[in-house]
Amino acid sequence: MPVCVLSEGAGPGAQVPAHLTRIPIPHITISTDCSNKTVKGKVVRKGRLVSSVFDEVTLKAVIQEEDSQPSSSSQNLSISAVLFGALAKDFNKAVNEGDVVVASGFTVEKSGSVHEDRLHPCKLLLSGDDACFYVSRPPPPPDPGSRSAKGRSTAHTAEDSTKAKVPKYTYVGLDELEPGSVVNVYGVVVFFKQPFKSRGTDFCSILKITDKSNQKIGCTIFRQNLEDHPKIFQIGDIVRMHRVKAQFFNNAITLVNTFGFSVVTFDGVVGNAVEPRTSSRSFHFDQDDHRIVEELRSWAADGQTILPPTSTIPLSAVQPRAYFDLTCQLLSKAPIDTTCTLLKVWDGTRCPQTMLDVIVEPNVTEGPTSFSKEKEKLIANVLVYDNHVHVAGQLKPGDFLRIFNLRAILGSSQVPGLTSSQSEATDHLALHLHGGTAYGRGIRVLPENSPDVQKLKRTLDALSENNVDEFCELNDSELLRISITLPNSMELNGEAVKCSTERRCLHDVQPVNLAKVKQSDPGRIHHVRVQLRSYEPSRLYQSLKLYCSKCTLMEEIPDDELIAALFSDASKDSGPCSPPPWSLSGQVSVPGEAQGSANRALTVYMSSQLLSEGKFKDLLFLMGSTLEEMCRLATGYQNIVPVRPAGGQLTLLDLSAPFLFRGRRRYYGCKRCSEASVKELSAKGVEAIDQKVVAEALGIQLLQFVLLMKLELQDESDTLDVLLWRDAEKFFGVTADDVAADQEAQSVIHRTMDTLCPPEGSAADRPWLDLCLQSYRAEDNKGRNRTCYQIVHTSVTKPASTPPDPGPT
DNA sequence: GGTTAGGATTCG
């Protein structure tokens, strides 16, 4: 018998033949002599029985070393095992996830999937008469909470025997619900609706759950706050609900939340991390919960009950007229009318049908308004209607979404905003999210750590490395026309530190020389080992730019002379000015520049709302100051917005000047994309007023600080000019925001460049650098298409640190 | 400790 179940409670090994010796899983290598050896570990993953082309069934499992020594490596503790034939069938029947097994009679082979699953580099193969598993089954868990013999088979308990104060929860099987009782339950989700606004005061979630009893129980959750609702992403998710009331409706038991209700949701996929999804700060979660989740996962996976199939498909599989769910990233959104919003999304795959082009009003798009041609082909237009418009209003470009029950519609002639020429384009496709919640229609933002989002991000990352994206369409000759001064000059702080770089990517490509890189087609990733021959700009502060993520315009940072002139112009404006109704005006005294010189009183405006909350320092509108005075005042107030009177009204300064001063930091707005005006800032629900909050309130499209440099690389074969910008922050280990305001961050860049390319040094003094390069096609400033290169996924390994103490002088 | 909803499409 290839699978032996040992007696309950007896540790495995008790009946394992004595002549076998155990080998720890981390010690297994491709050259291990497997005769008379065993491995012991917990089954952490059990796959399904699969029939191969030769009619032999196989089953994959993952076994994890349990008794690892503290000194042993934490890596390679889990190994894949592939079982064949009768052994696979017996194992499938007799072994569950969580069981501890001893395997013997195996052979070892190289695993082909190390990079995907991060398991042991080897795998175990078990087939034929020699292969055998010994299984020990732990005794069944105590079950004091269940009231009936029948319950014993379905109820789960979670209790802590060591601490009496820890609440003990008893979970009731879905076949034991008594009308009127308040219970705690676990269940696998077979149907769900995202929360929707009820006619009452609450949001309402509708779900249907099942468990090993195979009962399907409808649940209705009313909660005012969306965060208190179950965070369900897909059918098969597992929910744990505390304090739900069973009641009869339409001859069936349903569950409704009662006082003290709470819910936690788990991913239902066997092998995924058991991470509770909840907004609750404190919730009970212990080993038993972990076990129950794993049990429900395995039960759902083994197919004894049939869960509805998932309807999530990629854009490439979209069929006209079909309903489906889509996991995607939001790129931009734009209102079409009061009942319809356009979402531009992508998932890295290409829909076979041409997308209907939806025309939107100018300046209403949130996010980029245009994309590279390559990217455009991958973008889908989703029109969401009615109740979903409100949900769409909360979404931000960049969010990862799952949209439930989308419908693909071909050649619809009624799409709002459609051009007349397109109404004949019957082969063009649009995706509609119709109004209502039927079939779970809705939108959900997925968290970044969810496995589906991780997968999507990998797809999208791989794509941007192989294609031109809009970031690449910059004009690097701009580098030569820079003339700016920063508030603080960057200081050179000498002392070469031995410094090199490290690639942080996972590309499986061999390093090549620069001559080879130049010969290759664009759109590739290259690894190179090179020296830095020269770089631009030589004045490093000039590498800092302002970038608009909406219109992708790159701008220089205006110099202090220009800003001072704008302040001076603004302070010349005078005349009566009626303060906005929401504001209170006052005077602020600016200390004189030199000691003994008179203080100057300047007019300020504050929000009366903020003032009443005692937050008068949080936001100030300042009129008539010089740049210098503004800088001095900015040290004492969190946010200062310079304003001037124009036509009797308060207005902002020209957007060439910073619209906001926060301490030493200055923030700029995009002249193209902003519709700036002085407005009241609502601090409701805002934790802290920062540049984003102020920009949004004033209608300003905030510009980002970015770093841009051109590096001349060299190896034995050739030289090559490359850009450093998309991953420049990663490269230097500092943020561009910090570089704009912080001398230490500027010094990091300075020291790093001095180390990579010593000012007076010869080639021998320049360290060799391991770089990951991306090549792409882009237009230069004369409109010619050429191949460009940029450094990506690379970090300086020893960020230039504070130079060593020179010692006593 | 009240009310809401109680799955079930196609409109634009």
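Which strand is R243 found in? I began my notebook there, and I should say early that this is a predicted model.

**Entry 1: R243**

I found R243 in strand β15, which covers residues 238–249. I then looked up its backbone angle: phi of R243 is near 60°, a positive value in a residue that is not glycine. I made a note of the background too: most residues other than glycine have a negative phi. For exposure, I read a relative accessible area of 29%, so R243 is partly exposed.

**Entry 2: R321**

Next I turned to another arginine. R321 also has a positive phi, about 75°, although it is not a glycine. I placed R321 in the loop between α4 (287–301) and β17 (323–337). Is R321 buried or exposed? Its relative accessibility is 63%, and the cut-off for exposed is over 50%, so R321 counts as exposed.

**Entry 3: N257 and what it touches**

R243 came up again when I looked at N257, which sits in strand β16 (residues 252–266). Leaving aside residues up to four places away in sequence, I listed the contacts of N257 as T220, I221, F222, R223, R243 and V244. What does the side chain of N257 reach at 2.8 Å? I found that it is the backbone oxygen of F222. N257 has 14% relative accessibility, and because buried means under 20%, I wrote N257 down as buried.

**Entry 4: a cis peptide bond**

I checked the peptide bond from E536 to P537 and found it cis, with omega near -5°. For context, most peptide bonds are trans. Where does P537 lie? I located P537 in the loop between β25 (525–536) and β26 (544–547).

**Entry 5: a nonpolar surface patch**

On the surface I came across a nonpolar patch formed by L584, L611 and F616. Together these residues have about 240 Å² of accessible area. I looked more carefully at L611, which is found in helix α10, residues 608–612. With 31% relative accessibility, L611 counts as partly exposed.

**Entry 6: cysteines**

How many disulfides does a search of the whole structure find? I got 0. As a reminder to myself, a disulfide is a covalent bond between the sulfur atoms of two cysteines. I also looked up the exposure of two cysteines. C757 has a relative accessible area of 9% and is buried. C772 is buried as well, at 0%.

How values were computed: Residues numbered from 1 in each chain as written. Chains lettered and ligands numbered in written order. Predicted model: local features only at pLDDT ≥ 70, side-chain atom pairs only at ≥ 80, totals over all residues. Heavy atoms only, no water. Helix = DSSP H or I, 4+ residues; strand = E, 2+ residues; numbered from the N terminus. Buried < 20%, exposed > 50% of the residue type's maximum accessible area, 1.4 Å probe, protein only. Patch = residues over 30% accessible without salt bridge, like charges linked within 9 Å, V, L, I, M, F, W, Y side chains within 5 Å. Areas by Shrake-Rupley, 256 points an atom, 1.4 Å probe, with all protein chains shown as cover. Salt bridge = Lys/Arg side-chain N within 4 Å of Asp/Glu carboxyl O. Polar contact = N/O pair within 3.5 Å; in protein donor to acceptor, adjacent residues only side chain to side chain. Contact = heavy atoms within 4.5 Å. Disulfide = S-S within 2.5 Å.
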